[in-house]
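Subject: Structure for you to look at

Hello,

Here is the structure I promised to send over. Have a look at it first, and then read on for my notes.

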Amino acid sequence: MIRQQPIGVFDSGVGGLSVLREIRRELPGEALLYVADSAHAPYGDKSTVTIEARSLAVAEFLIAQGAKAIVIACNTATGVAARVLRARHALPVVAMEPAVKPAAARTRSGRVGVLATRQTLASANFARLRTRVAGQAEVLAQPCPGLVERIEQGDLDGPLTHALLEGYLTPLLERGVDTLVLGCTHYPHLRPLIERLAGPEVAVLDSGAGVARQVRRRLAEAGLLAPPGRIGGERFWTSGELERVAPLIARLWPGAPSLAVLPEPIESGVSLLREGA
């Protein structure tokens, strides 16, 4: 029966849908649960305590819905809260890692650019990644404040988003970057615009497909893959305003089922954090 239970996936907003899409492609028979914690997006400008609290609260909600595994579809939440979630829960917890290693292996110029939130770039996880590839490539980190907010507002190709991206990409391109890493799960929603601005000679990588393969591996190792022949469905929740979030999710996930409001408050996450301290 556990094999038939769903996989729980969460992000600060709609960004993690880019990861959910790859999980659906890799595992068509799995039932998927998705939480967009849109009332608290972006995580990238929140305190460590808040990010841990939200991650704990949302993970507890997904587990209460029967999740057999949790996917943290957010680089910022991974850097801050993955350790806490793994310490608290025995079920598989799959987290994000910016695609710095494949980018370092691919670059011809020896320079890789990483677009991410300030929190992700300041994390110990990112520092370790940078150290690991130090002999292969120079990693140029570019924080992108304001970009997640544009995506959460549904502006995927407007003049403000265009101007922000141009400002973040120009210094990287001027320094000879030929490979870009999208270090936030929101950014793949801007991939057409990023590729257009960066030009055809610049490769653009993200880690969604790699995370999906890791989900398959972890479930297989635990004997939790869904039985063959099933067709998985999806369920969606948000902590944000339905009238704002629902049209955006429907745009990014055509045919999405109705969106429900996440019922639990952040205080429960704070309490869980204090109990585990």
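Below is what I found, going from the sheet and its helices to the charged pairs and the cysteines. Please keep in mind that this is a predicted model.

**The sheet**

A good place to start is the open sheet, in which 6 parallel strands are arranged in the order 4-3-1-2-9-10. At its edges are strand 4 (93–94) and strand 10 (259–261); each has a single partner strand, so one side of each is left without a neighbour in the sheet. Strand 10 runs parallel to strand 9 (residues 234–238), and 3 bridges join the two. If you want a spot to zoom in on, F236 stands opposite L259 of strand 10.

**Two helices that go with it**

Helix 1 (residues 17–26) packs on this sheet and touches strand 1 (7–11), strand 2 (32–36), strand 3 (69–72) and strand 9. The direction of helix 1 makes about 175° with that of strand 2.

Helix 2 lies across strands 1, 2, 3 and 9, and runs at about 155° to strand 1. Helix 2 covers residues 48–64, which is 17 residues; at 1.5 Å a residue these should span 24 Å, and the end C-alpha atoms are indeed 24 Å apart. Several residues of helix 2 are buried, among them I51, L56, V58, F61 and L62, but also E52 and R54. Just after helix 2 comes G66, with a positive phi of about 100°.

**Charged pairs**

By the distance rule used here, the model has 15 salt bridges. In general, side chains of opposite charge can pair when their charged atoms come close. Here are a few to look up:

- E30 and K68 meet through their side chains, at 2.8 Å from N to O. E30 sits in the loop between helix 1 and strand 2, and K68 in the loop between helix 2 and strand 3, so this pair ties together parts that are 38 residues apart in sequence. E30 is buried, at 2% relative accessible area, and K68 is buried too, at 3%.
- R111 and E138 form a salt bridge at 3.1 Å, N to O. This one links distant parts of the chain, since R111 belongs to strand 5 (residues 111–116) and E138 to strand 6 (residues 138–143), 27 residues apart. R111 is partly exposed at 29% relative accessibility, and E138 is partly exposed at 32%.
- R191 and E195 have their closest N and O atoms 3.1 Å apart. Both are in helix 9 (residues 191–198), and being 4 residues apart they are separated by about one helical turn. R191 is partly exposed, with 24% relative accessible area, and E195 is partly exposed at 36%.
- E97, K101 and R132 are linked in a network of salt bridges.

**Cysteines**

You may well ask how many disulfides there are. The count comes to 0. C144 is in no disulfide, and the nearest cysteine sulfur, that of C184, is 8.5 Å away. C184 is in none either, its nearest cysteine sulfur being that of C74, at 6.6 Å. A disulfide would need the two sulfur atoms within 2.5 Å. C144 is buried, with a relative accessible area of 3%, and C184 is buried as well, at 9%.

Those are my notes, and I hope they help you find your way around.

Best wishes

Definitions and conventions. Residues are numbered from 1 along each chain as its sequence is written. This is a predicted model: local features need pLDDT of at least 70, side-chain atom pairs count only at pLDDT 80 or more; totals for chains, interfaces and linings use all residues. Side-chain values use heavy atoms; hydrogens and water are left out. Buried means under 20% relative accessible area, exposed over 50%, partly exposed in between (1.4 Å probe, protein chains only). The expected span of a helix is 1.5 Å times one less than its number of residues. Two strands pair if DSSP finds at least two bridges between them. Contact means heavy atoms within 4.5 Å. Axes are lines fitted to C-alpha atoms, for helices over the stretch in contact, and angles run from 0 to 180 degrees between N-to-C directions. A salt bridge is a side-chain nitrogen of Lys or Arg within 4 Å of a carboxyl oxygen of Asp or Glu.
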